[in-house]
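Student: Please take a close look at the ligand site of this structure. I should like a connected account of the contacts there, followed by the setting that the rest of the chain provides.

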Amino acid sequence: MSKFWSPFVKDLVPYVPGEQPKLAKLVKLNTNENPYGPSPKAIAAMQAEVNDNLRLYPDPNSDRLKQAVADYYGVQTAQVFVGNGSDEVLAHAFHGLFQQSQPLLFPDISYSFYPVYCGLYGIDFVQVPLDEQFKIRVEDYARPNGGIIFPNPNAPTGCALALDAIERLLKANPDTVVLVDEAYIDFGGATAISLVDQYPNLLVSQTLSKSRSLAGLRVGIAVGHPDLIEALERIKNSFNSYPLDRMAIAGAAAAFEDKAYFEQTCQRVIDSRDAVVAGLEGLGFEVLPSAANFVFARHPSKDAATLAAGLREQGVIVRHFKQQRIAQFLRITIGTPEQNQALLDALQGL
Ligand SMILES: *Cc1c(COP(=O)(O)O)cnc(C)c1O
């Protein structure tokens with residue numbers, strides 16, 4: 001603390017991201033990064049941007065990327081917003097759409113950035129408990145609200161919510177925004193972007209950090225009604241009117257254009273997930289049904305924190321949350337087949 005700080009900063013509780021260890025050789029299964037590299041076409045597109053043009057500001061509207069997203073999903077560019085990672089997209093949505101008189105609703109077990117943004121923007125919130133199977137029950141959201149947000153598939157559970165349940169939620173809340181955070185949708189869920197033309201209160205966010213292997217580039221998108229997109233643009237242009245740099249615009253657009261590479265790498269992760277689930281179940285773990293690039297698992301008799309520490313000693317890092325209801329679970333990112341085997345081998349001895 002310092003006497004120079006604004007009073008507001010003293011009470012801020014920032015988000016704590018998963019560890020990014022400086023050591024090489026670790027089997028890093030703690031932050032849901034993709035084990036495979038980005039599309040070679042995306043890398044080439046970024047390299048082509050490293051030239052004298054870097055003296056010039058980038059396109060403030062990222063038109064090339066918006067067009068690539070619009071083409072990919074068959075929507076209009078006015079329905080697309082892009083930002084520096086979906087965390088920034090979410091921040092603008094909290095600021096521009098969720099500062100309402102009623103509280104924001106999200107699941108009790110969910111992305112831990114949501115309460116942080118509520119703190120930053122002074123938004124009241126209510127955490128709605130997941131059911132006993134750790135699933136979202138949309139009927140539980142039938143209460144006055146200033147918006148609803150949840151990841152689909154949910155994080156850190158990995159459980160997906162079907163589109164018909166999302167539609168019920170949209171129909172029951174026509175006067176508030178429902179934001180579906182689809183950070184992991186490409187690993188097995190059905191995107192709600194197919195519903196944006198029907199529901200003006202639906203906003204869908206996605207990231208290029210997971211399924212498109214570009215966590216280091218920081219690009220996220222949102223798709224929804226042009227009026228919702230305009231709210232995000234207003235915030236963005238009052239905050240940082242050049243969010244995406246030249247490399248990010250080119251690399252992200254090329255990543256959307258290289259559908260074949262994207263589909264192939266997602267499928268490899270999905271196949272590995274099946275193998276990891278089978279391996280964990282063979283070791284006696286209970287694994288929640290996952291539609292993401294991670295699994296959420298608990299052992300009936302072995303303590304999760306002890307397991308995480310034991311794995312760490314063997315150079316395998318997974319994520320453990322010291323949080324009620326899930327303190328006995330480990331969140332394990334799907335890695336390469338070799339990394340997954342290293343995880344299972346390490347667990348065998350614990
Ligand atoms: C990873 C993640 C994000 C943020 O991704 P960015 O890297 O900021 O694009 C958003 N929501 C959830 C649920 C995530 O897991």
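**The ligand site**

Tutor: In this predicted model, a nitrogen atom of the ligand lies 2.8 Å from an N or O atom in the side chain of Asp181. Two further side chains approach the ligand through polar atoms. For Arg218, a polar side-chain atom is 2.7 Å from an oxygen atom of the ligand. For Lys210, the corresponding distance from a polar side-chain atom to an oxygen atom of the ligand is 3.0 Å. Taken alone, the ligand exposes 390 Å², and the protein buries 93% of that area. The space that the ligand takes is the largest pocket.

The three residues just described belong to a wider shell. Around the ligand stand Gly85, Ser86 and Asp87, together with Tyr111, Pro151, Asp181, Ala183, Tyr184, Thr207, Ser209, Lys210 and Arg218. By residue class, this shell divides into 4 nonpolar, 4 polar and 4 charged residues. Among the elements of secondary structure, helix H4, which covers residues 85-97, gives the most to the shell, with 3 residues.

One shell residue, Pro151, leads to the backbone beyond the site. Strand E5 covers 148-151, and helix H6 covers 163-172; the loop between the two holds Pro153. Pro156 is found in the loop between E5 and H6 as well. Each of these prolines is preceded by a cis peptide bond. From Asn152 to Pro153 the bond is cis with omega near -5°, and from Ala155 to Pro156 the bond is cis with omega near 5°.

Another backbone feature appears at Ser62, which has a positive phi of about 50° although it is not a glycine. Ser62 is placed in the loop between helix H2 (40-48) and helix H3 (63-73).

As for the chain as a whole, the protein has 11 helices and 12 strands. Its radius of gyration is 20 Å, close to the 20 Å that the globule rule gives for 350 residues, so the chain is as compact as a globular protein of that length. The C-alpha trace spans about 55 × 50 × 50 Å along its principal axes.

To return to the site itself, the ligand is 93% buried by the protein, and its polar partners include the side chains of Asp181, Lys210 and Arg218.

Methods
Residues are numbered from 1 along each chain as its sequence is written. This is a predicted model: local features need pLDDT of at least 70, side-chain atom pairs count only at pLDDT 80 or more; totals for chains, interfaces and linings use all residues. Side-chain values use heavy atoms; hydrogens and water are left out. A residue is near a molecule or strand if one of its heavy atoms lies within 4 Å of it. A polar contact is a pair of N or O atoms within 3.5 Å; within protein, one must be able to donate a hydrogen and the other to accept it, and residues adjacent in sequence count only if both atoms are side-chain atoms. Accessible areas come from the Shrake-Rupley method with a 1.4 Å probe; for residues, only the protein chains shown count as cover. On a 1 Å grid over the protein atoms alone, a cavity is a set of points where a 1.4 Å probe fits but cannot get out, and a pocket is an open set with protein on both sides within 12 Å along at least five of seven lines; lining residues have an atom within 4 Å of a point. A molecule sits in a cavity or pocket if more than half of its atoms lie within 2 Å of its grid points. Helices (H or I, at least four residues) and strands (E, at least two) are DSSP runs, numbered from the N terminus. Ala, Val, Leu, Ile, Met, Phe, Trp, Tyr, Cys and Pro count as nonpolar, Asp, Glu, Lys and Arg as charged, and the others, Gly among them, as polar. The radius of gyration is taken over C-alpha atoms; the globule rule is 2.2 Å times the number of residues to the power 0.38.
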